[in-house]
Amino acid sequence: MAGKEVAAVEIVDLVKEYPSSFRRKMYRAVDEVSLRIEQGEVYGLIGPNGSGKSTTMKALLGLVAPTSGLCKVFGCDSMKVDARQHVGFLPENPYFYKHQTAEETLKFYGRLCGMRGKQLAMRIDALIELVSLQDARKRRLGGYSKGMLQRVGLAQAMIQEPQLLVLDEPTAGVDPVGSRQIRNLIFQLKEQGVTVFLCSHLLEQVQEVCDTVGIIFNGKMVQQGSLSELTSVDSHTEILVEDMDEATLAKVREVIEQGGGELLASGAPRRSLENLFIEIANQCGEEAR
Ligand SMILES: Nc1ncnc2c1ncn2[C@@H]1O[C@H](COP(=O)(O)OP(=O)(O)OP(=O)(O)O)[C@@H](O)[C@H]1O
């Protein structure tokens, strides 16, 4: 594989147009998008429905040909088969044969990647454990829930130990507990040095897991940067205090005002709804599903 200095993903001025039925005009789904993902980085692409996230990913994977621009994976042009050698992909709506079990499905994909015998069997065991499907490994996928299918999709994407994982809505249809498991899995992969390129509508999750975020609207990249750059409000300072009484708070307000500032908010910090749900689910033993 390429040296560390080569970007895992490099997209330069990508344009993708689809034919539109309206006056035979072309519809521009991706409009001069550029992005770079360093090796080992977790990059989140966010944007509303139809903004061009999936199309960008498909162009990177060589599944659609760019109208213009360039996509490279570890320095190799995406349109070349070699570019896909170290890449795993979870599509937005993964399709699996319903009559196959999780084990059989992973065997099928492993074989497609040229894996065989003991090496493949051991990889399947490890992945099934990683995505917590031990109890369901011999059940047909036709009886799986959406969240379970998504986990099979993730395991499929990781079968040949890819160095780049492209995840299109990895938590679509997955409940908060399952989402958290997927989030933990991404952290684990990051620790192993795997590069992750994901898109999601769950902004809180993107915020938790991504180093860098790109925001795409109508096919155009409107903002891009490290998470701390994007989320910090430069004109505000946050102070977190435990056990502060009213009198002390009044003094703090006075000091702030003397310094020319203004205390904008005070009170107990809120936890997110997702955290509350997870806590309750844990209390009820939901994780032992
Ligand atoms: N094969 C295609 N032919 C014609 N138009 C397409 C095709 N694929 C996507 N589009 C259009 O391109 C635009 C971008 O689609 P894309 O699937 O990339 O968006 P997205 O950001 O992934 O959306 P979502 O969040 O809903 O998955 C949409 O307007 C879509 O209708």
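Colleague: Which element gives the most residues to the shell around the ligand?

Modeller: This is a predicted model, in which local features need pLDDT of at least 70, side-chain atom pairs count only at pLDDT 80 or more, and totals for chains, interfaces and linings use all residues. Residues are numbered from 1 along each chain as its sequence is written. Two elements give two or more residues to the shell, namely β2 (26-37) and α1 (53-60), where helices (H or I, at least four residues) and strands (E, at least two) are DSSP runs numbered from the N terminus. With three residues, the largest contributor is α1.

Colleague: How many residues of the shell around the ligand are charged?

Modeller: The residues surrounding the ligand include Tyr18, Ala29, Gly47, Lys53, Ser54 and Glu92, a residue being near if its C-beta atom, placed from the backbone, lies within 6 Å. Asp, Glu, Lys and Arg count as charged. Beside three nonpolar and seven polar residues, the number of charged ones is two.

Colleague: Which strands are the edge strands of the open sheet?

Modeller: Six strands with mixed pairing form this sheet, in the order β6-β7-β8-β3-β9-β10. Two strands pair if DSSP finds at least two bridges between them. Pairing on one side only is found for β6 (87-90) and β10 (220-226).

Colleague: Which residue in β7 stands opposite phenylalanine 89?

Modeller: Strand β7 covers residues 164-168, and β6 pairs with β7 over four bridges in the parallel sense. Across this pair, the residue opposite phenylalanine 89 is valine 166.
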